[in-house]
Amino acid sequence: MAHSAPSTQVGPGEAKTRRDFLLYATSATGAVGTALALWPFIHSMNPAADVLALSSSDIDLAPVVPGQAITVTWRGKPVFVRHRMPEEITAAQNVDFSTLPDPQKDEERVQKQNWLILVGVCTHLGCVPLGQKTTDPRGAYNGWFCPCHGSHYDTSGRIRKGPAPLNLAVPPYVFTSDTTIRIG
Amino acid sequence: MAVSSNRIVRWVDDRLPIFTLMHHSTSAYPTPNNLNYWWNFGSLAGFVLVVMILSGIFLAMNYTPHTAHAFESVERIMRDVNYGWLLRYLHMNGGSMFFALVYIHLFRGMYYGSYKSPREVLWWIGVIIFICMMATAFMGYVLPWGQMSFWGATVITNLFSAVPLVGTEIVTWLWGGFSVDNPTLNRFFSLHYLLPFIIFGLVVVHLWALHTVKSNNPLGIDIKGPQDTIPFHPYYTIKDLYGIGLFLMFYLFFVFFAPNFFGEPDNYIPANPMVTPPHIVPEWYFLPFYAILRAVPDKLSGVVLMFAAILVLFVLPWLDTSKVRSARFRPIYKQLFWIFFLDCLILGWIGAKPPEGAYLVIGRIATVYYFAHFLILLPLTGWFEKPRPLPDSIGAPVITTVKR
Ligand code: HEM
Ligand code: FES
């Protein structure tokens, strides 16, 4: 190669650096271009517009009597709605919350004291905890018990014992009237 | 070199040396003459891969990857499609057989030190194949959309939620939604169809590496010359065929007489995203890793340890500091090998039990031992063990016995 390049134009050393530059520039452009081209493929796997559109559910609370719990669906997940009894509320409030694995006050987890609304998905690996039916095991804290790897949740849906790291999530919701809510 | 006297064969071979390639990789491949039956498992695994791909392609002709139809389409395969039951049972049990064979193949490699120089890359490709198989089987198990399919998929994909900061985003991305649902089933079907062909390609590369460095053998010493080898064909082709015959009896016994032996009855209940079955267990071949996951009370550490249990295999060639390959000449390693094997069985047993009381304690001890074997015992043994004298050549032990 060197012998074919007239020395008056480009010296051998110079040719090398110029070619190197071209090589690096081409490779860098190629790499960045490939990375950019990958994004549409990756993003196509994220939730599609129709999946996102299904993201809110309306629920009528009127038929749910104190002590009763219902399970509704939101984004394909179960949502627990529990009409709490006064003693369940007191139990949830009378805990020194700072000692809990995921410290949170009961007041921060509800909008109206007697309505506890939670995503019914264990924060460990996603099983649905038991405790919605009165006949279900409710764990050591009378809330919910996850059968998969033994997580116990209290009457505020907070994690008290077991491998789950976080409290049951509170979904975004608003009271659209005194007895209806919209989740999402 | 003339591969054949046939003019057509020669004409093609001059333009695309495919016959030369086949000749080099079968008949001309010089194979140690002392291989025992543990060397049959590689070809058996390859055979099952072909069975899986064939049965899978035909299953896919009648399978519907949609949450509303998947379960029924599998039941239709079982009841209405001609020989559909056979295709499905071959595929279902074939998955279990594939893992059984590959586990034996892997332990064979550990016993005879086949991962050591110069076979490290060969070993790596094997580990990559193993990981791809796990992904394939996991996604295949989701396809019939039964209760175990759904909850297995939920628990396993949720492992990624343990990733710090972006965990939830990763899981949402894996699902294509906010829970395991139709988009998840669709992509799992797509990938379940694709991955076996990737595995096939990896097997070709695995064999390429093998034919470059040649087979290890029960003595773990190098081939010294032609007197130590015999051509692969016909000697090992016939031995591998014999192995396939025996294996087929074992495999087909399950297919015909106990087709649901390895399965979970709960997977014949259609998936219900609102109710988790009281006792969820993965397929048997994942149990040891599941036990490691649950041995740790902390979510992130559990997940990290579980992946580490597989990834540690990549560095095995450097963790084992001994120069001697075969356990036959390593008195201490030989015992450690069997204890490790037992440890894996214990982990498998614990993985099927609820994580409480004594099971949890045993699971933790077995997990600690699993890692101690790789990270502490293997390096130390290599340094302190005094190996027994190695024979001069593969032929030497036989020749001396004959002389006596
Ligand atoms: C590495 C090879 C493969 C492995 C380990 C594997 C594993 C599995 C497993 C464990 C199942 C669940 C069986 C059940 O419980 O019903 C399954 C199902 C299925 N697989 Fe595969 N598979 C492989 C290759 C393939 C290929 C290449 C295809 C398609 C071309 C395929 C198509 C299917 C279909 C359609 C189903 C759903 C029907 C059913 O559940 O029986 N598989 N696979
Ligand atoms: S998923 Fe609930 S404890 Fe593991």
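**Exercises on a predicted two-chain model**

A:R75 is placed in the loop of chain A that runs between β2 (69-74) and β3 (77-83); helices (H or I, at least four residues) and strands (E, at least two) are DSSP runs numbered from the N terminus. The model is predicted, with local features requiring pLDDT of at least 70 and side-chain atom pairs pLDDT 80 or more, while totals for chains, interfaces and linings use all residues. Residues are numbered from 1 along each chain as its sequence is written, chains are lettered from A and ligands numbered from 1 in the order of writing, and side-chain values use heavy atoms, without hydrogens and water.

**Exercise 1. Backbone**

Determine the sign of phi at A:R75 and at B:L165, and locate the cis peptide bond that precedes B:P118 and the one that precedes B:P234.

*Solution.*
1. Most residues other than glycine have a negative phi, and most peptide bonds are trans.
2. A:R75, which is not a glycine, has a positive phi near 50°. This residue is partly exposed, at a relative accessible area of 31% (buried means under 20%, exposed over 50%, partly exposed in between; 1.4 Å probe, protein chains only).
3. B:L165 likewise has a positive phi, about 70°. Its position is the loop between α7 (147-158) and α8 (167-175) of chain B, and B:L165 is exposed at 86%.
4. The bond from B:S117 to B:P118 is cis, with omega near 5°; B:P118 belongs to the loop between α5 and α6 (120-142) of chain B.
5. The bond from B:H233 to B:P234 is also cis, with omega near 5°, but B:P234 lies in helix α10 (residues 232-257) of chain B.

**Exercise 2. Iron site**

Identify the protein donors of the iron atom of ligand 1 and assign the geometry of its site.

*Solution.*
1. The protein donors (N, O and S atoms within 2.8 Å of the metal, or 3.2 Å for Na, K and Ca) are NE2 of B:H91 and NE2 of B:H192, at 1.9 to 2.0 Å from the iron.
2. The 6 donor atoms subtend angles of 88 to 179°, and the site is octahedral (six donors, opposite ones over 155 degrees apart and all others between 65 and 115).
3. B:H91 belongs to helix α5 (residues 84-111) and B:H192 to helix α9 (residues 182-213) of chain B, so the pair links parts 101 residues apart in sequence.
4. Both histidines, B:H91 and B:H192, are buried.

**Exercise 3. Shell of ligand 1**

Describe the residues that surround ligand 1 and classify them.

*Solution.*
1. The shell (a heavy atom within 4 Å) has 24 residues, the closest being B:R88, B:H91, B:M92, B:H192 and B:Y193.
2. B:R88 places a polar side-chain atom 2.7 Å from an oxygen atom of the ligand. For B:H192 the partner is a nitrogen atom of ligand 1, at 2.8 Å.
3. Elements giving two or more residues to this shell are α3 (41-60), α5, α6 and α9 of chain B; α3(B) has the largest share, with 7 residues.
4. By class there are 18 nonpolar, 5 polar and 1 charged residues (nonpolar: Ala, Val, Leu, Ile, Met, Phe, Trp, Tyr, Cys and Pro; charged: Asp, Glu, Lys and Arg; polar: the others, Gly among them).

**Exercise 4. A histidine of chain A**

Establish whether A:H149 is buried or exposed, and name the side chain of chain B with which A:H149 makes a polar contact.

*Solution.*
1. A:H149 lies in the loop between β5 (142-146) and β6 (151-154) of chain A and is buried, at a relative accessible area of 10%.
2. Its side chain makes a polar contact with that of A:H124 at 3.0 Å (N or O atoms within 3.5 Å; within protein, one able to donate a hydrogen and the other to accept it, and residues adjacent in sequence counting only if both atoms are side-chain atoms).
3. A further polar contact joins the side chains of A:H149 and B:Y290, at 2.9 Å.

Key: Tetrahedral: all angles 85-135°; square planar, octahedral: opposite > 155°, others 65-115°.
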